[in-house]
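Q: Please take one helix of this chain and look at it closely. I would like to know how it is placed in the fold and what its residues touch.

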Amino acid sequence: MKLLELQKSKEHKILMRNGFMYPKLNRYIEIYFYLQAKIKSGEKKTDAITWTAEQFGIKSDKTIYEIIKKIEQLNKELEW
């Protein structure tokens, strides 16, 4: 199951409620999808990362790169 499917499913709420999925991860997913939408709309990746960091109150672009890495790794693990 991919992240977007998981986020839209009832299982997502069950996992959050029972402590298997943390609110921070939910925020990372939100940031990741926001960034992907900016890139798909034609923005350069570096500009989109800077803008996303500003929009979400993140002080460093490096944090966005770490979020991308974590979410893409998680997405790969969910694809079994």
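What follows is a close look at the helix α3 and its surroundings.

A: The model is a predicted one, and its chain has 5 helices and 0 strands, so that reading along the sequence gives the pattern α-α-α-α-α. Within this pattern, α3 covers residues 23-40. At 1.5 Å a residue, the 18 residues of α3 should span 26 Å, and because its end C-alpha atoms are 26 Å apart, the expected and the computed length agree.

The part that α3 plays in the packing can be described through its buried residues, which are Tyr28, Ile29, Ile31, Tyr32, Leu35 and Lys38. For the chain as a whole, buried residues make up 28% of the 80 residues. The largest nonpolar core has 14 residues, and Ile31 and Leu35 are among those with the most contacts inside it, a group that also includes Ile58, Ile64, Ile67, Ile68 and Ile71. At least two residues of this core come from each of α3, α4 (45-55) and α5 (61-78), and α3 gives the most to it, with 5 residues. In soluble globular proteins, nonpolar side chains tend to be buried together.

Isoleucine 31 shows this packing at the level of a single residue: leaving aside residues up to four places away in sequence, it touches Thr52, Phe56, Ile58, Ile64 and Ile67. Among contacts in the chain between residues at least 6 apart in sequence, 44% join residues at least 24 apart.

Lysine 38 is a charged residue of α3 that appears in the list of buried ones, and its relative accessible area is 18%, so it falls under the 20% limit for a buried residue. The side chain of lysine 38 meets that of glutamate 43 in a salt bridge, with 2.9 Å from N to O, and the structure holds 1 salt bridge. Glutamate 43 has a relative accessibility of 27% and therefore counts as partly exposed, whereas lysine 38 is buried. Side chains of opposite charge can pair when their charged atoms come close.

Just after α3, glycine 42 takes a positive phi of about 110 degrees.

Seen from outside, the chain exposes about 6,000 Å², of which carbon and sulfur atoms supply 55%. Taken together, α3 supplies 5 residues to the largest nonpolar core, while its lysine 38 is joined to glutamate 43 by a salt bridge.

Key: Residues numbered from 1 in each chain as written. Predicted model: local features only at pLDDT ≥ 70, side-chain atom pairs only at ≥ 80, totals over all residues. Heavy atoms only, no water. Core = buried A, V, L, I, M, F, W, Y, C linked by side-chain atoms within 4.5 Å. Buried < 20%, exposed > 50% of the residue type's maximum accessible area, 1.4 Å probe, protein only. Helix = DSSP H or I, 4+ residues; strand = E, 2+ residues; numbered from the N terminus. Contact = heavy atoms within 4.5 Å. Expected span 1.5 Å × (residues − 1). Salt bridge = Lys/Arg side-chain N within 4 Å of Asp/Glu carboxyl O. Areas by Shrake-Rupley, 256 points an atom, 1.4 Å probe, with all protein chains shown as cover.
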